[in-house]
Amino acid sequence: MKNKWLMLCAMLLVAVAASAQSAAEKFARELAAKSGAIRSIACRFEQVRSMQIMQHDVVQQGDFYYLRPEQILLAFEGGDYIAMTPTHFSMEAGGVKQRMKLQSNPMLKELKRILSASMTGDVEQLAAGFTPTITEQKEGYEVVLRPTRRGMANRLKAISMHFDRKTMSLTMLCMEEQSGDKTTYRFFDKRFNTQLDAALFNRE
């Protein structure tokens, strides 16, 4: 009886492992296939910041723009923005402008790398430095990334993402810090391959 129970448990573990591998393979294949033709994205976004020291969430909306290979702009209503290039990011918050190298802000660096990898379908780059867990759902895929590098793991607990099944585009990204603070982005009203001027991302 004991041997039969052990055999049943082993079979279940093998089935679960095979299912997880299948979901990861399907995600990688579909993301690469459907994102390969995307050269630009313009859409609306909502940012929700949940902080331990604040009683209520801080909610902002705006326009999101992406242009291959690595040009990203989050333009908030009211004039604030975050603009990212392959080497720098520029931002304005409350009338104060900053421009610095991506290396100087690890959280924004990871956000930019993950957003770019999500848009280009580069799963290897998407998971670099993280342990990924990929779950297939009815509406698409959920990807949870947990950092493996100690320096990043000290600050960042996990990154959760949802991908739409039809377009394999990113619909939600949540960065959860070890402190308990969270920043969540939701993307909607997407327009693919619209004409975007590269000057849009130049915020110097």
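In the predicted model, L74 stands opposite I82 in strand 4. Strand 3, residues 71–76, and strand 4, residues 81–84, run antiparallel and are joined by four bridges. Four residues lie between the two strands of this hairpin, in which G78 takes a positive phi near 105 degrees. Strand 4 also pairs with strand 5 in the antiparallel sense, again over four bridges. Within that pairing, A83 stands opposite S90 in strand 5. The connection from strand 4 to strand 5 is a hairpin through three residues. Strand 4 is covered on both faces, with Y81 and A83 buried on one side and I82 and M84 buried on the other.

These strands belong to a wider arrangement. The chain as a whole has four helices and 11 strands. An open sheet of 11 strands has the order 6-5-4-3-2-1-11-10-9-8-7, and the pairing is antiparallel. Its edges are formed by strand 6 (96–101) and strand 7 (130–137), each of which pairs on one side only. On average, and with direction ignored, neighbouring strands of the sheet are turned by 15 degrees against each other. Strands of a sheet pair through backbone hydrogen bonds, in either a parallel or an antiparallel manner.

In the sheet order, strand 1 is placed beside strand 11. Strand 1 covers residues 40–50 and strand 11 covers residues 182–192, and nine bridges link the two in the antiparallel sense. F45 stands opposite F187 in strand 11. F187 is also among the residues touched by L115, once residues up to four places away in sequence are left out.

Helix 2, residues 106–120, lies across a series of strands: strands 1, 2, 3, 4, 5, 7, 8, 9, 10 and 11. The helix runs at about 155 degrees to strand 10, which spans residues 170–177. Helix 2 also gives the most residues, six, to the largest nonpolar core.

That core has 39 residues, of which F27, F64, L74, L115, I159, M161 and L173 touch the most other members. L74, the residue opposite I82, is thus found again in this group. The contacts of L115, not counting residues up to four places away in sequence, are with F64, I72, L170, L173 and F187. A second, separate core of nine residues includes Y65, L67, L73 and A75. In soluble globular proteins, nonpolar side chains tend to be buried together.

F27, another of the listed core residues, is found in helix 1, which spans residues 2–35. F27 has a relative accessible area of 0% and is therefore buried. Leaving aside neighbours within four places in sequence, F27 is in contact with V123, L126, I134, Y141, V143, F163 and M168. The C-alpha atoms of F27 and R165 are separated by 9.4 Å, although the two residues are 138 apart along the chain.

A128 lies in the loop between helix 3 (123–126) and strand 7. The relative accessibility of A128 is 27%, so this residue counts as partly exposed. Apart from residues up to four places away in sequence, A128 touches R113 and R149. A separation of 10.0 Å is found between the C-alpha atoms of A128 and E110, which are 18 residues apart along the chain.

Two cysteines were examined for burial. C43 has a relative accessibility of 2% and so counts as buried. C174 has a relative accessible area of 13%, and is therefore buried. The count of disulfides in the model comes to zero.

For the chain overall, buried residues make up 39% of the 204 residues. The exposed area is about 11,600 Å², of which carbon and sulfur atoms supply 54%. Among contacts between residues at least 6 apart in sequence, 46% join residues at least 24 apart.

Terms used: Residues are numbered from 1 along each chain as its sequence is written. This is a predicted model: local features need pLDDT of at least 70, side-chain atom pairs count only at pLDDT 80 or more; totals for chains, interfaces and linings use all residues. Side-chain values use heavy atoms; hydrogens and water are left out. Two strands pair if DSSP finds at least two bridges between them. Axes are lines fitted to C-alpha atoms, for helices over the stretch in contact, and angles run from 0 to 180 degrees between N-to-C directions. Contact means heavy atoms within 4.5 Å. Buried means under 20% relative accessible area, exposed over 50%, partly exposed in between (1.4 Å probe, protein chains only). Accessible areas come from the Shrake-Rupley method with a 1.4 Å probe; for residues, only the protein chains shown count as cover. A disulfide is a pair of cysteine sulfur atoms within 2.5 Å. A nonpolar core is a set of buried Ala, Val, Leu, Ile, Met, Phe, Trp, Tyr and Cys residues joined through side-chain atoms within 4.5 Å.
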